[in-house]
Every structure is written in C-alpha cells, then in structure tokens.
Amino acid sequence: MRFLRTLITLLALLSGAGVSHAAPDAAAAQARLAKDAICTKCHDETESRPLFLYQTKHGVRGDSRAPTCQSCHGESTAHATQEKNRPSPDVNFNKGGAYPTAHAKARGQSCMTCHQGGNRMHWDGGQHQRAGLACNDCHKVHQPKDNVLTKATQPEVCYGCHKTQRAETHKISTHPIVAGKVTCSDCHNPHGTNSNKLVKRANVNDTCFNCHAEKRGPFLWQHTSANDDCMNCHTPHGSNVAPLLKVRGPWLCQRCHAEVANHPGNIYSGAQLPGAPAVGNNPPVQVAFRGCFNCHQAIHGSNHPAGRNFLR
Ligand code: HEC
Ligand code: HEC
Ligand code: HEC
Ligand code: HEC
Ligand code: HEC
Ligand code: HEC
Ligand code: HEC
Ligand code: HEC
Ligand code: HEC
Ligand code: HEC
C-alpha cells in the first residue's frame, strides 16, 4: 500500500542519525501516524482526489503541534467503522462530495482550535466570516502548495469571488499586481480587521504609508483635508487615469475647489494665469483644465518655505 511506504519513509527520516532530539520526536510522530491510520487505511494519496497532507506543514509528524486527521475532521468514529450506510465524518469540508458540507461555523472552529488570535483576532465579525466563508474557501490544506499563501498565485484565489478587482488590475494605471510584485494581502487582511474594507492597518492612509512613507510628512504645508484619505483622489487597484487617479485633471480638484475666488488669472472665468504661456487672454485649456497639478506639483504637501499653494 502507498500509505505504508509513506509511513516507513517518514519514520526512517525522523529517526535519522545525527538529529540529537530524534528519539522523543520519533515516538510522538509514530503515535500521530498511528492515529492517522484510523483514516488512512481507507484514504490516501492514491484517491481520485489525492490527499497530500504529508507534503504540507500540517503533515510534519515530528511537530508536536501538528494536527492528525481527527484534529480537523473530528473523531468521526461512526464514519470510520460503520460499513453499512456510512455516515459523514464529523466535520466535512468538501463541497459536492459524498456527504453534505459542514456549516461554516463548524469548519472555522475546527481550524481555530489551533489558529485563534494573531492575524485572525478579528475573524469573528469580519466581512468574510459574516458572509459565511470558512477557512477552506481560500486555503487548500491537502495540496502540496496552498496558492493563497504565495504572492503571485494569491490574486487568482480572490478573483474567484471578486471579479471586479481582476478587471481593475488590467487598467492603464495599476499597482503591479499582475506583475506579482504587490498582492492583495499587502493591503488587506482577509481574516478580518477593525478597519473598513478589511485594510490591513487602522485606516487606508496608514496602509499606504507602509510602502509610500514619503507621503506621510509631516510637511511644512499640509494638504490636510485632502490627505485625510488617499482615496479622495486615488483608487487602490486600477484606473485609466494615471497615476491611479479617480478622475481627470481639473475635475479631481474641482470636487472640493469648485470656486477659487482669488485664483491668479481667475482660471474659473478663463482669464490668463501667471506663469502660463500667453495665448491671448484665455488660459490654454491644456494648462488650466487638463491638470491643476501641472502647477500644483507638490500636491501631497510641501516643505518649501513658499509652498503654501503646493506649487513646489
Ligand atoms: C473503512 C473505510 C473508511 C475509513 C476507515 C474512513 N473513511 Fe472516510 N470515507 C470512506 C468512504 C467510502 C467515503 C465516501 C467516499 C466517496 O464516495 O468518494 C469517505 C468519505 C470521506 C470524506 C469525504 C466526504 C465527501 O463528502 O467528499 C472525508 C472528509 C472522510 N471520509 C474523512 C475520513 C476521516 C477523517 C476518517 C478517519 C477518522 C475516515 N474518513 C475514515 C471510507 C472510510
Ligand atoms: C488541517 C486540517 C485537516 C487535516 C489535518 C486533515 N484534513 Fe482532510 N480535509 C480538510 C479540508 C479543509 C478539506 C477540504 C478540501 C480542502 O479544502 O483542501 C479536507 C478534505 C478531505 C477529504 C475529501 C477529499 C476530497 O477532496 O475529496 C478527505 C477524504 C480527507 N480530507 C481525509 C483526511 C485524512 C485521511 C486526513 C489525515 C491523513 C486528513 N483529512 C487530515 C482538512 C484537514
Ligand atoms: C492541531 C492544530 C492545528 C489545526 C486543527 C489546524 N492547524 Fe493549521 N497549522 C498548525 C501548525 C502546527 C502549523 C505550522 C505552523 C508553523 O510551522 O509555524 C499550521 C500551519 C498552517 C498554515 C500555514 C501553512 C504554511 O505553509 O505556512 C495554514 C494556512 C493553516 N495552518 C491553515 C489551517 C486550516 C485552514 C485549518 C483547518 C482546516 C488548520 N490550519 C487546522 C496546526 C493546526
Ligand atoms: C478570504 C481568504 C482567506 C480566508 C477565508 C482565510 N484565510 Fe488564512 N490566509 C489568507 C491569506 C491571503 C494569507 C496570507 C497572508 C499574508 O501573507 O499575510 C493567509 C494566511 C494564513 C495563515 C498563515 C500565516 C499566519 O497568519 O499565521 C494561517 C495559519 C491562516 N491563514 C489560517 C486561516 C484560518 C484558520 C482561517 C479560518 C478561520 C483562514 N485562514 C481563513 C486568506 C484567507
Ligand atoms: C468564496 C468567495 C470569496 C473569496 C475566495 C474571497 N472573498 Fe472577499 N468577500 C467575499 C464576500 C461574500 C464578501 C462580503 C461582500 C460584501 O460585504 O460586499 C467579501 C468581502 C471582502 C472585502 C471587503 C469588501 C467591503 O466592501 O467591505 C475585501 C477587501 C475582500 N473581500 C478581499 C478579499 C481578498 C483579498 C481575498 C483573497 C485573499 C478574498 N476577498 C477572497 C467573498 C470572497
Ligand atoms: C495597494 C493596496 C491594495 C491592494 C494591493 C489591493 N487592495 Fe483592495 N482595497 C484597497 C483599499 C484602500 C480599498 C478601499 C477603497 C475605498 O475605501 O474606496 C480596497 C477595497 C477592496 C474591496 C472592496 C470593494 C472596493 O473596491 O471598494 C475589495 C473586494 C478588494 N479591495 C479586493 C482586493 C483584491 C481581491 C486584491 C488583490 C487582487 C486587492 N484588493 C488588492 C487597497 C488595496
Ligand atoms: C506593498 C507596498 C505598497 C502599498 C501598501 C501601497 N503601494 Fe502604491 N505602489 C507600490 C509599488 C511597488 C508601486 C509601483 C512603483 C513603480 O512602478 O515604480 C506603487 C505605485 C503607486 C502609485 C503610482 C501608480 C502609477 O501608475 O505610477 C500610486 C498613485 C500609489 N502607488 C498609491 C498607493 C495608495 C493610495 C496606497 C494605499 C491604498 C498604496 N499605494 C499602497 C507599492 C505599494
Ligand atoms: C488631492 C488629491 C490627492 C490626494 C488626497 C492624494 N494624492 Fe497622491 N497624487 C495625486 C496626484 C494629482 C498625483 C500625480 C502628480 C503628478 O503627476 O505630478 C499623485 C501621485 C501619487 C503617487 C505617484 C507619484 C509620486 O509622487 O510618487 C503616489 C505614490 C501617491 N500619489 C500616493 C498617495 C498617498 C499615499 C496618498 C495618501 C496619503 C495620496 N497620494 C493622496 C493626488 C492626490
Ligand atoms: C477632498 C477635498 C479636496 C480635494 C479633492 C482637493 N483639495 Fe485642495 N484643499 C482642500 C482643503 C479643505 C484645503 C484647505 C486647506 C487645508 O485644509 O489644508 C485645500 C487647500 C488647497 C490649496 C492651498 C491653498 C489654500 O486655500 O489653503 C491648494 C493650492 C489646493 N488645495 C489645490 C488643490 C489641487 C490642485 C487639487 C487637485 C489635485 C486639490 N486641491 C484637491 C481640499 C481638497
Ligand atoms: C498655470 C499654473 C496654475 C494652474 C494650471 C492652476 N493653478 Fe492654482 N494657483 C497657481 C498659483 C501661481 C497660485 C498662487 C498665487 C499666489 O501665490 O497668490 C495658485 C493658487 C491656488 C489656490 C489658492 C488660492 C487662494 O485663495 O489662496 C487654489 C485653491 C488653487 N490654486 C487651485 C487650483 C485648481 C483647483 C486648479 C485647477 C482647476 C488650479 N489651481 C490650476 C497656479 C496655477
């Protein structure tokens, strides 16, 4: 049997010479494998949907914290012993298999016996828990590779449910998500947070400052109200207006600066601006109405003594 070969290989590895603390580990590992055997006598890597548990961290039988089959699936005694009308294992994670799927709460609880706290402190009450997700909607524990844990393969797992974000990451201006340099969990904690939209830090800005620290300031001249939330001007995933802007030039600013009564040249009435190339009396459209930030370049804040208007 494949299982027996696996068992023998594992025991051979664990009792390998040169590992000083091998003896107690090997004994514990053996005990754990013996428990597994209650299940592995029928389920192993030769199944049509193979179980590669022993190629994952959960399968490290020398690790005293690692689960046996029953730590996750429950004792399942009736399932393991009753030949006729075999009932479901206590906790069945599968969808569309031989038995009904256990309630999300039971599936989550099974993992949380070991994974409570830390990153998952806000799991209960978080958006994903409330939406009825369980851990195995993202994690694959019987696969040699759990795609959601790797930067490059993680987004694909999320797009399974979040299709809009996939489309956004293909726009003209994006975070380098497609390139695999930035991934969803760089900004989100999918396990649940205190913040809105599952952003990793207390709020959006702190999340952005993780990588764009230079935007934090403090600045001599602060565009305070605008920078209260980077999302006043930017989108996180993708936009057709670079760099990641919500809308184009003047409209971006005019949502808040509808009237600038004393603006030099009174751009709102279309008169000539100081510093703008002179073309008659009207400001060239491309200057005044394409980009306020052609002139107001230090838009996040300025440390220049004359930077009150974020011109430098
Ligand atoms: C005597 C054989 C036998 C033993 C022992 C056994 N099972 Fe099963 N198990 C089955 C059969 C048969 C099925 C149905 C499989 C199928 O139809 O694909 C099954 C199905 C399952 C399923 C999948 C359910 C689904 O809906 O796809 C899980 C999970 C499972 N068993 C876990 C366990 C666990 C955990 C143990 C140990 C406590 C265990 N089994 C012990 C025979 C066994
Ligand atoms: C860390 C928790 C955990 C442990 C340990 C674990 N399982 Fe599972 N098992 C799951 C989850 C979760 C699924 C659902 C598939 C998935 O999401 O990877 C599953 C699915 C299964 C299935 C159905 C497989 C399928 O895809 O049809 C069987 C059978 C099974 N487990 C048996 C076992 C056996 C036997 C062991 C011990 C060798 C074991 N499990 C150990 C969590 C666990
Ligand atoms: C009996 C305790 C126990 C249970 C139950 C358990 N785990 Fe784990 N889990 C561990 C241990 C131990 C590790 C390895 C931690 C380490 O190496 O730092 C681990 C690691 C992990 C990792 C990280 C794997 C990696 O490659 O880095 C994930 C993801 C995970 N578990 C998910 C789950 C899920 C999902 C469930 C429920 C289906 C579950 N665990 C149930 C003990 C458990
Ligand atoms: C919506 C998808 C999703 C769900 C649902 C989910 N996880 Fe995760 N999990 C992730 C992602 C993404 C990472 C990688 C996070 C990172 O790199 O910071 C991760 C990492 C982990 C890790 C390894 C890193 C660590 O924090 O120790 C463990 C353990 C883990 N998850 C356990 C769980 C458990 C237990 C549950 C259910 C209560 C669960 N996860 C539910 C997406 C999910
Ligand atoms: C099985 C489907 C599923 C998967 C997989 C999934 N999500 Fe979700 N996600 C949901 C549902 C359902 C909600 C709640 C929807 C709502 O409240 O509008 C949600 C909510 C969210 C929210 C909060 C939305 C809001 O408006 O507050 C974020 C952020 C999020 N998910 C990110 C992720 C990330 C990142 C991943 C991958 C690591 C992921 N999701 C994987 C189904 C999923
Ligand atoms: C650079 C940081 C960052 C990255 C990377 C990122 N997000 Fe977001 N995401 C955010 C922020 C910030 C918000 C909140 C937007 C707001 O408040 O308007 C958000 C919102 C969301 C929402 C809620 C709906 C919405 O658009 O407001 C979902 C769902 C979501 N993200 C999923 C994902 C997925 C899936 C990935 C990976 C493909 C991902 N995010 C990558 C920062 C990020
Ligand atoms: C994990 C690190 C990380 C986080 C967190 C992060 N970014 Fe970025 N950001 C990057 C990288 C990497 C680039 C690409 C830089 C490059 O191409 O030179 C980038 C580029 C940008 C750009 C320029 C895009 C373009 O088209 O040139 C903007 C705007 C931006 N980020 C805003 C934000 C905002 C707003 C947040 C918070 C929601 C945020 N970033 C969070 C890493 C991050
Ligand atoms: C008032 C609108 C506005 C707000 C609020 C804003 N930005 Fe920007 N941001 C812009 C504009 C406009 C540009 C493009 C500047 C240019 O092209 O000269 C830009 C460019 C960027 C860039 C890429 C170019 C560079 O300067 O590095 C990053 C990164 C960035 N912003 C991050 C942030 C972060 C982080 C926040 C929140 C603290 C934020 N922005 C808040 C308007 C804003
Ligand atoms: C979310 C609203 C908001 C947006 C969007 C916004 N601003 Fe502001 N801006 C303000 C507020 C409020 C002030 C007042 C001073 C303060 O609180 O920092 C201000 C101050 C200024 C000032 C300094 C002069 C003064 O009155 O103190 C300039 C210049 C300016 N903004 C230009 C721009 C430009 C250019 C854009 C577009 C890239 C823009 N703003 C987008 C809210 C906004
Ligand atoms: C051709 C360059 C240029 C363009 C384009 C431009 N500005 Fe200005 N803006 C200036 C200068 C120069 C000042 C400061 C004059 C001074 O020091 O009195 C200023 C001042 C301001 C002030 C502060 C006015 C006050 O009352 O103190 C605001 C707000 C402002 N601009 C917003 C905008 C907005 C919004 C746009 C786009 C619709 C824009 N600007 C386009 C050059 C420009």
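A residue counts as buried when its relative accessible area is under 20%, as exposed when that area is over 50%, and as partly exposed in between. Keep that handy for the exercises below. One more thing before we start: this is a predicted model.

## Exercise 1: Getting your bearings

Work out how much of the protein is buried and what its secondary structure consists of.

**Solution.**
- Step 1. Start with burial: of the 312 residues in the protein, 30% are buried.
- Step 2. Next, the secondary structure: there are 13 helices and four strands.
- Step 3. Finally, look at contacts between residues at least 6 apart in sequence: 45% of these join residues at least 24 apart.

## Exercise 2: The iron of ligand 1

Find the protein residues that coordinate the iron atom of ligand 1, name the geometry of the site, and decide how accessible each of the two histidines, His-43 and His-79, is.

**Solution.**
- Step 1. Look for the protein atoms that coordinate the iron: they are NE2 of His-43 and NE2 of His-79, at 1.9 to 2.0 Å.
- Step 2. Check the angles. The iron has six donor atoms, with angles of 88 to 179 degrees among them, and the site is octahedral. For six donors, that label asks for opposite donors over 155 degrees apart and all other angles between 65 and 115.
- Step 3. Place the two residues. His-43 sits in the loop between helix 2 (22–40) and helix 3 (69–73), while His-79 belongs to helix 4 (residues 77–81), so the pair ties together parts 36 residues apart in sequence.
- Step 4. Apply the burial cut-offs. His-43 has 33% relative accessibility, so it counts as partly exposed. His-79 comes in at 13%, so it is buried.

## Exercise 3: Two more irons

Do the same for the iron atoms of ligand 7 and ligand 8.

**Solution.**
- Step 1. For ligand 7, the protein donors are His-175 (NE2) and His-212 (NE2), 2.0 Å from the iron. The six donor atoms make angles of 88 to 180 degrees, and the site is octahedral.
- Step 2. Now trace that pair along the chain. His-175 lies in the loop between strand 1 (173–174) and helix 9 (184–187), and His-212 in the loop between helix 10 (204–209) and strand 2 (221–222); the pair links distant parts of the chain, 37 residues apart.
- Step 3. Test accessibility: His-175 is partly exposed at 25%, and His-212 is partly exposed at 37%.
- Step 4. Move to ligand 8. Its iron has His-234 (NE2) and His-300 (NE2) as protein donors, lying 2.0 Å away. The angles among six donor atoms run from 89 to 179 degrees, so this arrangement is octahedral.
- Step 5. This pair also links distant parts of the chain: His-234 is in the loop between helix 11 (224–227) and strand 3 (238–239), His-300 is in the loop between helix 13 (285–290) and strand 4 (301–302), and they are 66 residues apart.
- Step 6. Finish with accessibility: His-234 has 23% and counts as partly exposed, and His-300 has 26% and counts as partly exposed.

## Exercise 4: The shells of ligands 4 and 5

Describe the residues around ligand 4 and ligand 5, and pick out their polar partners.

**Solution.**
- Step 1. Count the shell of ligand 4: 17 residues surround it, and Asn-119, Cys-135, Cys-138, His-139 and His-191 are the closest.
- Step 2. Sort that shell by class: nine nonpolar, seven polar and one charged. Helix 5 (residues 104–115) gives the largest share, three residues.
- Step 3. Hunt for polar side-chain atoms. Asn-119 has one 2.9 Å from an oxygen atom of ligand 4, and Arg-120 has an N or O atom 3.0 Å from an oxygen atom of the ligand. His-139 places one 2.8 Å from a nitrogen atom of ligand 4.
- Step 4. Switch to ligand 5, which has 14 residues around it; Gln-127, His-128, Cys-158, Cys-161 and His-162 are the closest. By class, there are eight nonpolar, four polar and two charged residues.
- Step 5. List polar partners again. A side-chain N or O atom of Gln-127 is 2.9 Å from an oxygen atom of ligand 5. For nitrogen atoms of the ligand, His-128 offers a polar side-chain atom at 2.8 Å, and His-162 has a side-chain N or O atom at 2.8 Å.
- Step 6. Helix 6 (127–130) and helix 7 (154–159) are the elements that give two or more residues to this shell.

## Exercise 5: One threonine up close

Decide whether Thr-169 is buried or exposed, and find its neighbours.

**Solution.**
- Step 1. Locate Thr-169: it is in the loop between helix 8 (163–168) and strand 1.
- Step 2. Its relative accessible area is 5%, so Thr-169 is buried.
- Step 3. Leaving out residues up to four places away in sequence, Thr-169 touches Tyr-159, Thr-174, Ile-177, Val-178 and His-237. With Tyr-159, there is a polar contact between the side chains at 3.3 Å.

Conventions
Residues numbered from 1 in each chain as written. Chains lettered and ligands numbered in written order. Predicted model: local features only at pLDDT ≥ 70, side-chain atom pairs only at ≥ 80, totals over all residues. Heavy atoms only, no water. Donors = N, O, S within 2.8 Å, 3.2 Å for Na, K, Ca; no water. Tetrahedral: all angles 85-135°; square planar, octahedral: opposite > 155°, others 65-115°. Buried < 20%, exposed > 50% of the residue type's maximum accessible area, 1.4 Å probe, protein only. Near = heavy atom within 4 Å. Polar contact = N/O pair within 3.5 Å; in protein donor to acceptor, adjacent residues only side chain to side chain. Nonpolar A, V, L, I, M, F, W, Y, C, P; charged D, E, K, R; others polar. Contact = heavy atoms within 4.5 Å.
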